[in-house]
Amino acid sequence: MNELPIIVISPLVAGFLAWLLRVRGVREIIGVAGSLVPLALLIKLYPSLGGRLEFTINVAGFKLGLMLSHLTWVFSMIAAVVGFTAILGMVSTARDNWEWLFALMSLTGVLGVFMAYDLITFFIAWEVMTFASFMMVLRYNRHASLKYFILSIVGAYAMLIAIGLIYAKTGTLTFPEVSAIFSQDAMTKMMGGPGLFTKTETMLIYGLFLLAFGVKAGMFPLHVWAPDAYSETNQSYTAMFSGVLSKAGVYGFILLYILMYGKLIVEFGHFRSAPTFGYIIAFLGGLTIIVGGILAALQEDIRKLFAYSSISQIGYILVGLGIGTALSIEAAIYHAISHALFKGLFFLIVATLIYRTGKTEFKDFGGLAEKMPYTFAMAFIAILSLAGIPPLVGFASKWLIFEAVIHENLPILGGMVFFGSAIGFVYLIRFTYAVWFGQRPSDIENTKDAPLPLAIAMGILGALNVIFGVAPGLVAQELNKIFGKTIIAGNIWELNLGFGRYNGLLLTIWMTIGLLIAAIIYFLGAGVRKVPVTDTYQSGNPVTMEYNLTIRRNFFLPLKEAMAFWLRISFDKLYHDIWKSIEDFAETARNYIYNGNVQVYAWYLAIILIILAAMGV
Amino acid sequence: MISAYYFGAIALILIGLYAVLVKKNLLKILIGLSIMETGVNLLLISIGYVSGKSAPILSESITPSQAVDPIPQALVLTAIVIGVATTAMALSVAIILYEKYGTLNIEEVRRLRG
């Protein structure tokens, strides 16, 4: 079983080779090959998934291990597919060797996180991933990268402390053993006996893991790094950054279920029909949806819009995970897959737009649908998928999450999820019209369509969006294997939950027929009337001339003004203020204590001697 | 009851420490340091003292069992030399300070240095 280390290491090796060989052409081939190896090996290993796919080495008394199960295979496949397309996109957009090295290194890290078998491997891979993505941002924007790095470091320390606590009590770090000890502990506690972990310690471990995984997933209120980091780097790389690296946090929450589920239930009990600890995750996820969605609508920069949108979509996954039924977790993993597919596609489209036009703001775009038909087709697929319009994969996964929330009678979370879906349309309509339709500014008159590598990469993701949408059962039946039982019934075309069903193929056929009828009616002579600007109405009143009628500039300004009070509450600013006051406090303390007067230092020595004498040293 | 040697030696150290902590004149601080050093040396010697024994120089009439502990004496010999050297260096620094700033008050010197 030595394919597993090859899967993890090959991108890193390819990255180093691409870094050393400064030959244009060669490094691209090596890099793409390096990202193709994990994908090929994962597909090759699929038939033997039922057996024990493990690999361990001993380092300094610790066993470092990799493992492939149905769950980790699904997540690794997300990483391998989206990682491969992102690397393929980088053939066009990468500027130097640096980006090849660190993009491939972060692919190694994220594969390691998904395939880790013990907490040490998990942590090491986690840090490799963080470091490499930090370096990718550093080249573009120092400030954004530092914000990302500091929040990541806080999360990493939190995780390290939690791992230390677990190791100190249990003496083991491999997932099955830790999980067994926790569930045994839960049993003892339920019988009334003294547990291995007290309630406070359990709460502490849970809180630390929440912090660690929340930072990486971009959970509210720890999301502040994400908009800057996603927008200030190579946009092809962001396809992987937003699509896959954020899933490491999601996977972390699943790990929390695997390791501590019984213990957390016994200690904290239930809130309504969800476990309390999960409800916290779900509620924060709901806030993430709303905050990310509203902020996405207010952005003037394409990259920022999709960065916030990515945060918002992660919220759905957290809601699904938090509710904690088998159905909702399966729905969450489904949404993780579809989010990786459509968000990866979106960022590749953004990469293409920036590569071809060099512009990033909505006001500079317009009317590109004629000039870039292929990219527009891909954008159309991505928009429909993110907005959750059948028959694309985004609909299937969102529908599952809605059903899971409704089935558990959780009205607040349901409201948040539905609101997020509505706000999703609000920001996507902006992207649709401002970039692809309307008048074309003269300086992007000669824009060409996507370069070949980006076109192939987009094609792969676009095709997967359609395939998994029309045949949602393909994914669902794979996810059923994770739980070892049928949670979502039906065949490959149909999802059947028992209280609701969705047939992707049937819907596609009906929609096609509907579109054909509409097209026939249209071409048979629907009267076309030119509408002058003064003939448009808003709330029943004619629109006056001072209103801005272009979607490209400050379109949601009224929304911004209406929400001005809430928008002033910014966690970004809060963290900045905390940082500043710590700095001020340290500066003041330094001035008083380290004041350059030798006699004062002599006093310190004398006082310490007195204290030592008083302690009887 | 604490022995008079210990009391005297520790009193000397404290007097020296007092001078170092409180006095503003650099020369007085150096005097304080010297006093402290003397006190430390005396303390070390008195630790090695065994009542009724003689100097640890072996001859016909004195066997090892009749001498006081020789190790503190060797230590103190070293400490005296170190003390003299540091004092000499500190004094030369004081001379340079006086030449540069025209005062030996350490607060003045600090203020002038900025």
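**View 1. Where chain A meets chain B in this predicted model.** Putting the two chains together buries about 660 Å², and carbon and sulfur atoms give 55% of that area. Chain A brings seven residues to the contact, while chain B brings ten. If you want three residues to look at on the chain A side, pick A:Asn597, A:Gln599 and A:Trp603: they supply 65% of the area that chain A buries against chain B, more than any other three residues. The chain A side splits into three nonpolar, four polar and no charged residues. What holds for salt bridges across this interface? The rule finds zero of them between chain A and chain B. Polar contacts do turn up, with a count of five residue pairs.

**View 2. Helical spans of chain B that carry a UniProt label.** The unreviewed UniProt entry puts "transmembrane region" at residues 6–22, 29–51 and 71–98 of chain B. Residues 6–22 of chain B are 100% helix, and their end C-alpha atoms sit 24 Å apart. Residues 71–98 of chain B are also 100% helix, with 40 Å between the end C-alpha atoms.

**View 3. A salt bridge in chain B, B:Glu107 with B:Lys24.** The closest N and O atoms of this pair are 3.4 Å apart. B:Glu107 belongs to helix H4 (residues 106–113) and B:Lys24 to the loop between helix H1 (4–22) and helix H2 (26–47), so the bridge ties together parts of chain B that are 83 residues apart in sequence. Both ends are partly exposed: B:Glu107 has a relative accessible area of 43%, and B:Lys24 has 33%.

**View 4. Salt bridges in chain A.** Over all chains the structure holds 19 salt bridges. One of them pairs A:Lys169 with A:Glu201, with 3.3 Å between the closest N and O atoms. A:Lys169 is in helix H6 (residues 142–170) and A:Glu201 in helix H8, so this pair joins parts of chain A that are 32 residues apart in sequence. Another joins A:Lys359 and A:Asp443 at 3.1 Å, N to O. Here A:Lys359 comes from the loop between helix H13 (326–357) and H14, and A:Asp443 from the loop between H16 and helix H17 (452–470), 84 residues apart. Is each partner buried or exposed? A:Lys359 is buried, at 18% relative accessible area, whereas A:Asp443 is exposed, at 53%. There is also a network of salt bridges linking A:Lys147, A:Asp228, A:Lys304 and A:Asp572.

**View 5. Backbone oddities in loops of chain A.** Most residues other than glycine have a negative phi, and most peptide bonds are trans. The bond from A:Phe220 to A:Pro221 is cis, with omega near 0 degrees, and A:Pro221 sits in the loop between helix H8 (199–217) and helix H9 (225–231). A:Pro390 and A:Pro391 are joined by a cis bond too, omega being about 5 degrees. The loop holding A:Pro391 runs between helix H14 (373–387) and helix H15 (393–407). A:Asn409 is not a glycine, yet has a positive phi of about 55 degrees. You'll find A:Asn409 in the loop between H15 and helix H16 (411–436), exposed at 55% relative accessible area.

**View 6. A buried glutamate, A:Glu478.** A:Glu478 is part of helix H18 (residues 473–483) of chain A. Its relative accessible area is 14%, so it counts as buried. Leaving out residues up to four places away in sequence, A:Glu478 touches A:Tyr46, A:His70, A:Trp73 and A:Val74.

Conventions
Residues numbered from 1 in each chain as written. Chains lettered and ligands numbered in written order. Predicted model: local features only at pLDDT ≥ 70, side-chain atom pairs only at ≥ 80, totals over all residues. Heavy atoms only, no water. Contact = heavy atoms within 4.5 Å. Buried area = accessible area lost by both parts, 1.4 Å probe. Salt bridge = Lys/Arg side-chain N within 4 Å of Asp/Glu carboxyl O. Polar contact = N/O pair within 3.5 Å; in protein donor to acceptor, adjacent residues only side chain to side chain. Nonpolar A, V, L, I, M, F, W, Y, C, P; charged D, E, K, R; others polar. UniProt positions renumbered as here; feature names shortened; annotations may be inferred. Helix = DSSP H or I, 4+ residues; strand = E, 2+ residues; numbered from the N terminus. Buried < 20%, exposed > 50% of the residue type's maximum accessible area, 1.4 Å probe, protein only.
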